[in-house]
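Grab a viewer and work through these exercises with the model open. Try each task yourself before reading its solution.

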Amino acid sequence: MQSKFLVQYEKREVRNAYAFLTPILIVIFLFILFPVIGTLWKSFYQDTSFLPFEFVGFRNYAQILSDTKFWSALVFTLLFALATVVLEAVFGLIFALLLNESFKGRGIMRAVILIPWAIPTIVSAQIWRLMYDYTYGIINHLLTSLGFIADKVSWMGTTSSAFWALVISDVWKTTPFVVIILLAGLQAIPQDIYKQARVDGAKMFKRFRSITLPLVAPVLLIALIFRTIDAIRIFDLVYVLTGGAPGGTTETLSFIGYNYFTGDIFGMGSAISVITFIVSFMITILYIKLGRFEKNIK
Amino acid sequence: MKKILIIIALALFSLMSCGRGPQLTFMVGGAPNELAYWEEVLDAFEKETGISVNMIRQASDTEQRKQSILIALRGQRPDPDVMLMDVAWIGQLASSEWLEPLDDYNIDASPFFPSIVNLADTYESQLVGLPVYVDGGLLYYRKDLLEKYGYNKPPAYWSELVEMAKKIQAEERKTNPNFWGYVWQGAQYEGLICNALEVFASAGGGFLGPEGNSIVNSPANVIALQTMVDFINKHKVSPPNTYTDMKEEEVRQMFQNGNALFERNWPYAYGLHRAEDSTVRDKFDTAPLPSFPGGSSASTLGGWHIGISRFSDMKEEAAKLVEFITSYETQKKLAVTLGWNPGRMDVYTNPEVIEANPNIQNLKEIFMGAIPRPTVPYYSQLSVILQRHLNAALAGNVEPNKAIEAAHTEISKVLEEYAK
């Protein structure tokens, strides 16, 4: 397989290619592969400063899997990923279609829409926190002064309202990412196809369903895979907005891992990280299978 | 030519970094005024002893300070030599054998609060730290409002606090819709544990018994937790975001803006409430926290302690620095410049200190009886468990007795794990 691919190049070219790739391979090994293997290795050990460092096999995993806290965090994380990714796909598509049309100020709009994405999450999370604030927050202020609600609402007070508060903040921040990727995909669609469709008398919705959507689907899939993996390791929004409250019901997988690491229980923290990795990995495979990714790419 | 220059530069750079010997390093964090204070202290130390000290500045956030110290100690780094530790970590650091026993260094612990040194700084009968400054939970109250509504002293019991808060809140709401009776730290974090310990202990409860067994499920704790829940949900004297947002600064700002009658906070709030831009400047006072009838007021011990790393490469010099920082003069300066409460008891009678902080005599009494959080190495695990279950009860997701029972079961499991 490899030789089949390489045979079209000269030996010298192949050698050069390896030489050029070596630095990046070293970087990948040092900063990605090495830590990942280290985490996997550590997840089989008891690594707590005040206890002996020893091999414990799957004990860390067994402890985590028998803990109700883990399962509620897993469910919360998956629901969060589902809600955010669906909303991001819908809004991302709408905005990308709008920005793909030619209108005055389109260049500026394309730049402006990126701003939420460019702000570090920890910063935008703080801004959302201030907006959601019970006493001084603008959301309560607007809703009460416009008469939508009689009393102020503690937005982080119940699990469901905290969930939606987190989802809204995340969708606001990461939709631009989906928009930009989709926009690139939309621009790759040749205009001739649309012209042809018009001649054939296809209406706008028909054109969208039969041309735009299928042709942009592979790109959308890539964007959603990225978004899903990101959503599954969500930490910063939760850390700032809820801190796990009320009663630990908004804890995510990464948040539990964080608690283990700060509690100096590195073995358990590593095991949680490995589990998070496995969950993301399985979901990615699911995407690829469901999206018939290989076929689409060809 | 360029290549040669780069090689020369690299060679010079590596030479420079080789030439440095060990240096005494002090790791400390805090607000800018605190760091400025520590710089002055280190300058004075260098003048007196000729030993220069490198100060590593940490964040002001306690959790982040813990992380950076843990990383250095886990890696057995020779620096930092000396560091400040939150009282809640000492159990973990000491049992990891990361702290140098101070007994061999001719350090006199007798002027310090004996109960604190015993409970927090002694590990397996060895002295591993000294309190640099001490903290404890206090009740701040609006004396002008109590007077206005005919109360002549702060509440001694939680029931009195609720009664006063309900009445005054209802009246004050007429002019200030944001007014609350009692604000305290209830978010899901370490501060909740400090608040809960105070209420629990004032009912005769607590977390761990004398043999290290869990007494979390004692009936006193259930009554205490119910009282905390009632502040929010039944009497509605504490805001509904108590269990999601309320940490030290949120609470302090509410009180300082004139939006609260009672506040539970650490002594640091005192100086800020008395600042010129504070709306409650001359209108408040402090008192011990209330208790239940038959119980006694309790204050959770907080504060920062100094210790020497076991991996220090300059232990003799480090001990000198510890001695300097905990000396009468430096401790006095700490009280006068930062308004903090020194770990040395003899400083509390100094006229300069009393002038700077007239409240300090009352505080001394409170600190003498302050209760530490469990000093077991796995404390942070216990804390995480308690945080989740107590917070769930405050949110009204679970009944207090169920939350207490669940926390007790999980904590007993952790204790069993470590007893093996």
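What follows is a short set of tasks with worked solutions. This is a predicted model, in which local features need pLDDT of at least 70, side-chain atom pairs count only at pLDDT 80 or more, and totals for chains, interfaces and linings use all residues. Residues are numbered from 1 along each chain as its sequence is written, while chains are lettered from A and ligands numbered from 1 in the order in which they are written.

**Exercise 1.** Work out how H11(A) and H14(A) are oriented to each other.

Solution. Start with the elements: helices (H or I, at least four residues) and strands (E, at least two) are DSSP runs, numbered from the N terminus. Helix H11 covers residues 204–232 of chain A, and its axis comes within 10 Å of that of H14(A), crossing at roughly 160°. Axes here are lines fitted to C-alpha atoms, for helices over the stretch in contact, and angles run from 0 to 180 degrees between N-to-C directions. Now classify: angles under 35 degrees count as roughly parallel, over 145 as roughly antiparallel, 65 to 115 as roughly perpendicular and the rest as oblique. H11(A) and H14(A) are therefore roughly antiparallel. Next, list who touches whom, taking contact as C-beta atoms, placed from the backbone, within 7 Å. On the H11(A) side you'll find, among them, A:Leu221, A:Leu224 and A:Ile225, and the H14(A) side includes A:Thr276, A:Val279 and A:Tyr287. By class, that contact has 8 nonpolar, 4 polar and no charged residues. For the classes, Ala, Val, Leu, Ile, Met, Phe, Trp, Tyr, Cys and Pro count as nonpolar, Asp, Glu, Lys and Arg as charged, and the others, Gly among them, as polar.

**Exercise 2.** Do the same for H9(B) and H18(B).

Solution. Helix H9 (residues 219–233) and helix H18 (residues 400–419) of chain B have axes 9 Å apart and pack at an angle of about 125°. They are therefore oblique to each other. The residues in this contact split into 6 nonpolar, 3 polar and no charged. B:Leu225 and B:Val229 are among those on the H9(B) side, with B:Pro400 and B:Ile404 among their counterparts in H18(B).

**Exercise 3.** Find two non-glycine residues with positive phi, then decide: is each buried, partly exposed or exposed?

Solution. First, A:Asp264 has phi near 65° and sits in the loop between H13 and helix H14 (266–290) of chain A. Use these cut-offs: a residue is buried if 20 or more other C-beta atoms lie within 10 Å of its own, exposed if 12 or fewer, and partly exposed in between, with C-beta atoms placed from the backbone. A:Asp264 has 25 C-beta neighbours inside 10 Å, so it counts as buried. Second, B:Glu97 has phi near 60° and lies in the loop between helix H4 (90–95) and helix H5 (114–120) of chain B. B:Glu97 has 13 other C-beta atoms within 10 Å, so it is partly exposed.

**Exercise 4.** Locate a cis peptide bond in each chain.

Solution. In chain A, look at the bond from A:Ala245 to A:Pro246, where omega is near -5°. A:Pro246 belongs to the loop between helix H12 (236–241) and helix H13 (253–262). In chain B, the cis bond joins B:Asp79 and B:Pro80, with omega about -5°. B:Pro80 is in the loop between helix H3 (62–74) and strand E3 (82–86).

**Exercise 5.** How many residues does each chain bring to the contact?

Solution. Chain A gives 19 residues and chain B gives 28 residues. The chain A side has 5 nonpolar, 13 polar and 1 charged residues.

Technical notes: Two residues are in contact if their C-beta atoms, placed from the backbone, lie within 7 Å.
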